[in-house]
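User: I would like a close look at one part of this model: the pairing of the strands. Please take me through the pairing step by step, with whatever helps to place it in the chain.

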Amino acid sequence: MKVSITSGKSEGPTRLNAFDNALLDAGIGDVNLIPVSSILPRNTEIIELPSLEEGKMVNCVLSCAHSNHPGDLITAVVAVATSDEFGCVVEHSGVNQDPEVIKGEAETMVRYMMKVRDLTLREIIIAHESHKVITEGVALAAVVYLE
């Protein structure tokens, strides 16, 4: 299994348009996203996001933050933990919080997920996107499951 970690942010005239624009910014706006829970199969390889076929059905873990309050700072985070057995993913987000705090909380949660499964941690990768809202904003981060 291969996965990619990506993120994006944008504004739009509506919440849906801001979300769509953020997906486009992340490189996943022309596919159909299927939300999945937070487990990576054994031997998952993390690669750069390739070009995806338009309309394809794509599994992903998605973190999304939205606000329509000008000046709000929105942050979306994914934290990926790997081991020799399998891995875990956490999605986390916040509004008007220090992005470093949100990233730290995501890391704490994914470390806990690994601990309760008695998995020996090999690596943690954290991706995040923050955005200061102008009118209607979205920040997102995703783990995209590829073939």
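Analyst: **Strand pairing**

In this predicted model, strand β1, residues 2–11, pairs with strand β4, residues 45–46, in the parallel sense, over two bridges. The residue of β4 that stands opposite K2 is E45. Strand β1 also pairs with β9, this time in the antiparallel sense and over ten bridges. Within that pairing, G8 has L140 of β9 as its bridge partner.

Strand β9 covers residues 137–146 and has an antiparallel pairing with β5 as well, over eight bridges. There V61 is matched with V143 of β9. Strand β5 spans residues 57–67 and runs parallel to β2, residues 32–35, with four bridges joining the two. One position to look at in this pairing is N32, which stands opposite M57 of β5. Taken in sequence of pairing, then, β9 is bridged to β1 and to β5, while β5 is bridged in turn to β2.

Other strands form an open sheet of four, in the order β3-β7-β6-β8, with antiparallel pairing. At its edges are β3 (39–40) and β8 (123–132), each of which pairs on one side only. Inside this order, β6 (residues 73–82) and β7 (residues 87–95) are joined antiparallel by eight bridges. To find the register, start from A79: its bridge partner in β7 is V90.

A helix accompanies this sheet. Helix α2, residues 99–116, lies across β6, β7 and β8, and its direction makes an angle of about 150 degrees with that of β7.

Two residues show what surrounds the strands. The first to consider is S63, which sits in strand β5. Is S63 buried or exposed? S63 has a relative accessible area of 2%, and the limit for buried is under 20%, so S63 counts as buried. A polar atom of the S63 side chain lies 2.7 Å from the backbone oxygen of H92. Apart from neighbours within four places in sequence, S63 is in contact with A76, V77, V78, E91, H92, S93, A139, L140 and A141. To place some of these partners: residues 73–82 make up β6 and residues 87–95 make up β7, while residues 137–146 make up β9. L140 has been met already, as the bridge partner of G8.

The other residue is I125, located in strand β8, an edge strand of the four-stranded sheet. Its relative accessible area is 24%, and I125 is therefore partly exposed. With residues up to four places away in sequence left out, I125 touches I5, I46, V78, A79 and V80. Among these, V78 is also a contact of S63, and A79 is the residue bridged to V90. The C-alpha atoms of I125 and A81 are 6.5 Å apart, although 44 residues separate the two in sequence.

The loops at the two ends of α2 deserve a check of the backbone. N96, in the loop between β7 and α2, has a positive phi of about 55 degrees although N96 is not a glycine. In the loop between α2 and β8 lies D118, a residue other than glycine whose phi is likewise positive, near 55 degrees. D118 has a relative accessibility of 68% and therefore counts as exposed.

It remains to set the strands in the whole chain. The protein chain has nine strands and two helices. Read from the N terminus, its elements follow the order β-α-β-β-β-β-β-β-α-β-β. Of the contacts with a separation of 6 or more, 75% come from residues 24 or more positions apart. Of the 147 residues, 45% count as buried. The exposed area of the protein chain is about 7,500 Å², with carbon and sulfur atoms supplying 49% of it.

As to overall dimensions, the C-alpha atoms fill a box of roughly 45 × 35 × 20 Å along the principal axes. The radius of gyration is 15 Å, which agrees with the value near 15 Å for a compact globule of 147 residues.

Technical notes. Residues numbered from 1 in each chain as written. Predicted model: local features only at pLDDT ≥ 70, side-chain atom pairs only at ≥ 80, totals over all residues. Heavy atoms only, no water. Pairing = 2+ DSSP bridges. Contact = heavy atoms within 4.5 Å. Axes fitted to C-alpha atoms, helices over the stretch in contact; angles between N-to-C directions. Buried < 20%, exposed > 50% of the residue type's maximum accessible area, 1.4 Å probe, protein only. Polar contact = N/O pair within 3.5 Å; in protein donor to acceptor, adjacent residues only side chain to side chain. Rg over C-alpha atoms; globule rule 2.2 N^0.38 Å. Areas by Shrake-Rupley, 256 points an atom, 1.4 Å probe, with all protein chains shown as cover.
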